[in-house]
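Below is a short report on one protein chain. Keep the sequence and the 3D view open while reading.

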Amino acid sequence: MKLKKIIILTILSISYTFTYSQNAGKEAIIEFEYIKYNYDTIQQNSSGISKFYFKNMGSAPLVISKVSTSCGCTNVSHPKKPIMPNEKGVIEVTYNTSQIGDFRKTIVVTSNATNATKSVLTIKGVVVKKK
């Protein structure tokens, strides 16, 4: 019985070491093409869509675990599956342009990227009355 426990512990220890050594040194690195989007002037009730493109520059899969916005006037869609090394992804932001006036909103992207576990994206502009 004691020998059985030793064998099981040895096997578990070896498989943990093997798994850890395969992932050691691998990391996800997120790099955005840009982190600020300026709509400048946009007409009321028009499409308020902007896209933030990024690439996983690391050697491990990039997982976006959460994307939050600074208000309910902004909707976001983001990749649900891991972004593999050297692959690209996009975060699409839709701002509700029904309110006239200046706006500045932030989007916080939470991921497993070692260079930026939280990336802050910004959209801004001025909504004007439709002509």
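Two strands count as paired if DSSP finds at least two bridges between them. With that in mind, take S77, which stands opposite E92 in β6. The strands β5 and β6 (residues 88-95) run antiparallel and are joined by four bridges. The model is a predicted one.

**Overall layout**

The chain has one helix and eight strands. The helix comes at the start of the order, which reads α-β-β-β-β-β-β-β-β from the N terminus. Of the 131 residues, 30% count as buried. The exposed area of the chain is about 8700 Å², and 56% of it comes from carbon and sulfur atoms. Among contacts with a separation of 6 or more, 66% are between residues 24 or more positions apart.

**The antiparallel sheet**

One open sheet has four strands in the order β1-β3-β6-β5, with antiparallel pairing. Its edge strands are β1 (30-32) and β5 (74-77), and each pairs on one side only. From one strand to the next, the twist averages 25°.

**The mixed sheet**

Another open sheet of four strands follows the order β2-β8-β7-β4, and here the pairing is mixed. β2 (36-43) and β4 (64-69) each have a single partner strand, so one side of each lacks a neighbour in the sheet. Neighbouring strands of this sheet are turned by 20° against each other on average, direction ignored. β4 and β7 run antiparallel, joined by five bridges. Within this pair, T69 stands opposite I107 in β7.

**Two buried residues**

Is N56 buried or exposed? N56 is buried, because its relative accessible area of 0% is under the 20% cut-off. This residue is found in strand β3 (residues 49-56). The side chain of N56 has polar atoms close to two backbone atoms, as tabulated here.

| Backbone atom | Partner | Distance |
|---|---|---|
| nitrogen of I29 | polar atom of the N56 side chain | 3.3 Å |
| oxygen of I83 | polar atom of the N56 side chain | 2.9 Å |

Leaving aside neighbours within four places in sequence, N56 is in contact with A28, I29, P61, L62, I83, M84, P85, N86 and E87.

Now turn to I107, which has its place in strand β7 (residues 101-111). Its relative accessibility is 0%, and I107 therefore counts as buried. Which residues does I107 touch, not counting those up to four places away in sequence? They are V67, S68, T69, V76, V93, S119, V120, L121 and I123. One of these, V120, lies 13 residues from I107 along the chain, and the C-alpha atoms of the two are separated by 5.7 Å.

**The disulfide**

How many disulfides does a search of the whole structure find? The search finds one. It joins C71 to C73, with an S to S distance of 2.0 Å. The link of C71 and C73 is left-handed, with -60° about the S-S bond. C71 has a relative accessible area of 22%. That value falls between the 20% and 50% cut-offs, so C71 is partly exposed rather than buried.

Conventions
Residues are numbered from 1 along each chain as its sequence is written. This is a predicted model: local features need pLDDT of at least 70, side-chain atom pairs count only at pLDDT 80 or more; totals for chains, interfaces and linings use all residues. Side-chain values use heavy atoms; hydrogens and water are left out. Axes are lines fitted to C-alpha atoms, for helices over the stretch in contact, and angles run from 0 to 180 degrees between N-to-C directions. Buried means under 20% relative accessible area, exposed over 50%, partly exposed in between (1.4 Å probe, protein chains only). Contact means heavy atoms within 4.5 Å. Accessible areas come from the Shrake-Rupley method with a 1.4 Å probe; for residues, only the protein chains shown count as cover. A disulfide is a pair of cysteine sulfur atoms within 2.5 Å. A polar contact is a pair of N or O atoms within 3.5 Å; within protein, one must be able to donate a hydrogen and the other to accept it, and residues adjacent in sequence count only if both atoms are side-chain atoms.
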